[in-house]
Amino acid sequence: MALCVTGSIAAFKAVEIARHFIQKGVRVLPVLTRSGARFVGHATFTGLCGEVARDDMWDASFPGELHIHLATEADVVVVAPATADAIARFASGRADDLMAALVLCARGPVVIAPAMHPRMYAHPATQRNVGVLRSDGRVTLVGPVVGEVANGEVGLGRMAEPSDIAAAALSLLRPQDLAGLRIVVTAGPTVEDLDPVRYLSNRSSGRMGFAIAQQAAARGAKVVLVAGPVELATPSGVERVNVRSAMEMRNALWQAMGPELKAADALVMAAAVADYRAAEPSDVKLKRVAGPQSIHFIANPDLLAELGAARSGRSPMLVGFALETATGDELARLAQAKLQSKKVDLVVANGASDAIGGDDTQAMLVSASGIETLAPMTKVALADRLLDRVAAYGKAGS
Ligand code: CTP
């Protein structure tokens, strides 16, 4: 864990954050900005962490590139407190000191805990910068919270509690149990054009597939995410291939799986692939006609079933989804039928009513060895349960 401390009075609370990490047995690499060091000195962090507190990119005592070294060593980078200036520098991708360069080349999650006077936090420039960090999707912001700040005023700008910041960072320290595995994930809907302005699609938000890609990368897998048109930010460390139609997804998928499916250890097919496309999409905008209009649809290939049929042996592991309006035993029966007809190893079955769009879902994991009905949980938590199966499948085969 790298702990970066910038120049806010809340810097003294970074000592408590460091202690939380140390109590959990986590190695802490302290990094101070020049102004951070004016609030709490090097000796405090060096003494507490047993690691030299660094502040200088050009530190001659270190043989090599210090920011790269720290980024390689740290699974998670925490910036607490993060001043308005630090946030502005992160938002514009600056690398003008050791901390900024470290944040820019962090290989894992970055946790940022803003701390500043409420007027500085409310300023449109700071809000814009925070918005940029949010939409880039590469950092986890913890706080600020409403409370008393250094000069006694009360407002939104106080740093979150050290225990909350530490807990957020510790939850991102993941076991690297998927290291060495190459996982292809598909996500989102496909869009089948009818004419230059109209299309056929579905309500898939892409969140399930993106959660799987994010968690797989956090657990050390090399992840290719083949995504239909969704606005979601690419999870950290994930290679994303954007596609539009089912036929484009098919091409991208075979490219990612490689000849004879040897380029991947697992495929998780979370995309809601359109089953049909227009037989002859029009090059020009279709005009309204008197009376009923009909469009001739033809079937898209079943991308997962094609891969199931092409696979010889047990690798890559193939995981499909069954999103159905049915529930209970009927849902399980439909999932089992998909398991067999598509020749896959696991089907994640969920009810359409609770899976589409939201953050939570309830699912069953259906495989040849049985049915596991899971409690309602977030899509991120479900992603982890599913990836536990992927990790176990890899181990059983080795
Ligand atoms: N799938 C696919 N290619 C398609 C349709 C679906 O690869 N053309 C994949 C989905 O990504 C999902 C699984 O197959 O992992 C289940 O898709 P679903 O649409 O629920 O099943 P279908 O086979 O289309 O069956 P039906 O629509 O009759 O329920």
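Rings of Phe, Tyr and Trp (its six-membered ring) count as a pair if their centres lie within 6.5 Å, and by that rule this structure, which is a predicted model, holds 0 aromatic pairs. One ring nevertheless has a charged partner, since Arg 314 lies over the face of Tyr 393, at 4.0 Å from the ring centre.

**Nonpolar cores**

In soluble globular proteins, nonpolar side chains tend to be buried together. Here the largest nonpolar core has 37 residues, and those with the most contacts inside it are Ile 183 and Ile 212. Elements that each supply at least two residues of this core include strand 8 (182-187), helix 10 (207-218), strand 11 (222-227) and helix 15 (379-397). When its neighbours within four places in sequence are left aside, Ile 183 is in contact with a set of residues that includes Leu 178, Ala 216, Val 223, Val 224, Val 268, Leu 387 and Val 390. Apart from this core lies another, of 31 residues, with Leu 70, Ala 71, Ala 86 and Leu 98 among them.

**Ligand surroundings**

The ligand is surrounded by 15 residues, of which the closest are Met 269, Ala 271, Leu 304, Phe 321 and Lys 342. The table sets out polar contacts between the ligand and the protein.

| Protein partner | Ligand atom | Distance |
|---|---|---|
| Pro 301, polar backbone atom | nitrogen | 3.0 Å |
| Leu 303, polar backbone atom | nitrogen | 3.0 Å |
| Lys 342, polar side-chain atom | oxygen | 2.6 Å |

Lys 342 thus appears both among the closest residues around the ligand and as a side-chain partner of a ligand oxygen atom, whereas Pro 301 and Leu 303 each approach a ligand nitrogen atom through the backbone.

Key: Residues are numbered from 1 along each chain as its sequence is written. This is a predicted model: local features need pLDDT of at least 70, side-chain atom pairs count only at pLDDT 80 or more; totals for chains, interfaces and linings use all residues. Side-chain values use heavy atoms; hydrogens and water are left out. Rings of Phe, Tyr and Trp (its six-membered ring) pair if their centres lie within 6.5 Å; planes under 30 degrees apart count as stacked, over 60 as edge-to-face and the rest as tilted. A charge sits over a ring if NZ of Lys or CZ of Arg is within 6 Å of the ring centre and within 35 degrees of the ring normal. A nonpolar core is a set of buried Ala, Val, Leu, Ile, Met, Phe, Trp, Tyr and Cys residues joined through side-chain atoms within 4.5 Å. Buried means under 20% relative accessible area, exposed over 50%, partly exposed in between (1.4 Å probe, protein chains only). Helices (H or I, at least four residues) and strands (E, at least two) are DSSP runs, numbered from the N terminus. Contact means heavy atoms within 4.5 Å. A residue is near a molecule or strand if one of its heavy atoms lies within 4 Å of it. A polar contact is a pair of N or O atoms within 3.5 Å; within protein, one must be able to donate a hydrogen and the other to accept it, and residues adjacent in sequence count only if both atoms are side-chain atoms.
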